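Me: I want to learn how to read an interface and a surface patch from coordinates. Can we work through one case?

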Amino acid sequence: MPPEIVIPAIDLRVIAPMLTIFAWATVLLMVDLFIPSKDRKLTGYLALAGLAVTALVTLAVQPAPGTSRTSFSDMVVLDSFGTTLTLILLLIAAFSIAISINYLSYHNIEMGEYYPLVLFATGGMILLGQSTNLILVFLGVELLSITLYVLTAFFYPRYTSEEAGLKYLLLGAFAAGFLIYGIALIYGGAGTLNLFEIGALLDTSLTVGAAFPPGALLVLIGGALVLIGFCFKISLVPFHMWTPDVYEGSPTPVAAFMSVGTKGAAFAALLRILIVALLPFKVYWLPVLGVLATLTMLFGNIAALMQPNVKRMLAYSSVGHAGYITIGIMTAGTHGTESFLFYLLAYALANMGAFAVLITLERRGEMAWSVDDFAGLWKRYPLLAIAMATFMLSLAGVPPTAGFFGKFFVFAAAWEDGQVFLVFMGVLSSAIAAFFYLRVIIRMFMDEPMREVIPIFNRGLTITIGIAVVGTIVFGLLPTPLVSLVQNAVIALGVGG
Amino acid sequence: MVETSYYILLSASLFTLGILGVLVRRNAIVVFMSVELMLNAANLAFVAFARQQGNIDGQVLVFFVITVAAAEVAVGLALLVTIFRNKQTADVDAISQLHG
């Protein structure tokens, strides 16, 4: 008897943010054909408008805290966790486009496809944050990855950019293989791809029988493979090898977008998988993630210490930050989820800002990003130096910046959860990290200028750096409104304390 | 009817072969083929499990995997062509100007 196909009731409000952004991107791709190439910046402004409309739609469909809507046979969920994450991702995308608009024309790679690609990738990230079905998790990962492969190689015909694109693609596809095979094994063990059903099934099968059922074993192996696939995406040590090369080779705004957006979305999906579906296996994944987080924090920060190239330094620092975010994921049962969202926003502001400063100092046809270019910046462009110093302090976790509270909440959640060793390693690696962040600050404020560097300023860059500085400092001084926002977001997930 | 476990064993061996291919082979095209082998191993597992459990979720997912694989290869081959124009090689060890 063949299985019966039932068309379920559809609630379009649940996917309204995605619908908006995908429709906008598709239309923009066609509209771009009719925009003359000298007005190419218009496409960028239209993409920004699309992000704004999507944000408005997201706010309009936002469910009340504590409630959630599901649709499409429970494949997608709309809850405050998802919408908060969506808004953060839209902000990240808006920053990336704002810093790209003049960058592309300055470096002679101005092509209209760039902006719709960023929108598609953002849509994939939103999908990752909202999906409660492994099919959609896979599709979200691939949607954002494939668009990012193209964006990484966007510096065509610059060879390093192509090389970065190919490296990213080879490792990304390799990771996708692990992800999909893991999903296949989970499906084989549980008979469903729905995260809630997998969780319920594991719960009963693990408590009823004393012996370990074979289905649960398949799910366990599958979960491990899925974890490996995600580790590539969020670049946890030892799956991080591609990160510095890809960031160095890709256009700087794309590196900025990847370093924050991909990580945030992939972590959100991983969080849902671990908490909703694989919670009964917490005894297994908790120590594994603990080891990975420790390695990542230590190795990422120690490697960043050795980098004379600021772009590679930021790449390794993003590896290190992935370690801290992992701690937030591990302690998701207590206050980890809130600390994850807070950390993500603080990290997004500081990192996007730092990359924006890097863009102002980047010269046409040159791939240097040497820390020497920052020497003596304070004497010539004091505001730029202060902005960069703010971002570095926030990334290092020095008060009164948002980064300090991000780290504080993550460590507090871990402490509450009894992960004393992780807190110790986190604080230790933060101390190591402070060295290389402070090195940039010292070069800017203490040293004499090494060579003539003329920063490029434009509206997009100035606004981005301005918002990032103000956000970093305001959330550092007054974290309370943001904390209550993320707390509301977490109640909906049903895991908040 | 053949037991599901045989299909799973076959798919597991294909998956392992794919991993080995990615790690051992140096030609980027062969690496792509190995990745395809990994994805198709997953497809085989999906179809076998779907048959065993009598629901079609697995068979539906196979279509998505095939589509995604096609998109990935399209982008990958385009990148390879541009690199080949620059360097006249598809050897992944030669593609290493970025030190890392």
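Reply: Start with the helix labels. Helices are DSSP runs of H or I, at least four residues, numbered from the N terminus. The model here is predicted.

Me: Which helix of chain A holds A:Val283?

Reply: A:Val283 lies in helix α11 of chain A.

Me: Which residues make the nonpolar surface patch with A:Val283?

Reply: A:Phe212, A:Leu217, A:Ile221 and A:Tyr284 join A:Val283 in a patch of about 470 Å². Two elements of chain A each give two or more residues to this patch: α8 (214–233) and α11 (282–305).

Me: Now the interface. How is its size given?

Reply: Often as the accessible area lost when the parts come together. Here chain B and chain A bury about 3,900 Å² between them. Carbon and sulfur atoms carry 77% of that.

Me: Which three residues of chain B supply the most buried area against chain A?

Reply: B:Glu72, B:Leu79 and B:Leu98. They supply 18% of the area chain B buries there, more than any other three residues.

Me: How many residues does each chain bring to the contact?

Reply: Chain B brings 47 residues and chain A brings 41 residues.

Me: How many salt bridges and polar contacts cross the interface?

Reply: The rule finds 0 salt bridges between chain B and chain A. It finds 8 residue pairs in polar contact, both residues at pLDDT 80 or more.

Me: Which elements of chain B give two or more residues to the side that touches chain A?

Reply: α1 (4–24), α2 (28–53) and α3 (57–87) of chain B. α3(B) gives the most, with 17 residues. By type, that side of chain B divides into 31 nonpolar, 12 polar and 4 charged residues.

Technical notes:
Residues numbered from 1 in each chain as written. Chains lettered and ligands numbered in written order. Predicted model: local features only at pLDDT ≥ 70, side-chain atom pairs only at ≥ 80, totals over all residues. Heavy atoms only, no water. Contact = heavy atoms within 4.5 Å. Buried area = accessible area lost by both parts, 1.4 Å probe. Salt bridge = Lys/Arg side-chain N within 4 Å of Asp/Glu carboxyl O. Polar contact = N/O pair within 3.5 Å; in protein donor to acceptor, adjacent residues only side chain to side chain. Nonpolar A, V, L, I, M, F, W, Y, C, P; charged D, E, K, R; others polar. Patch = residues over 30% accessible without salt bridge, like charges linked within 9 Å, V, L, I, M, F, W, Y side chains within 5 Å. Areas by Shrake-Rupley, 256 points an atom, 1.4 Å probe, with all protein chains shown as cover.
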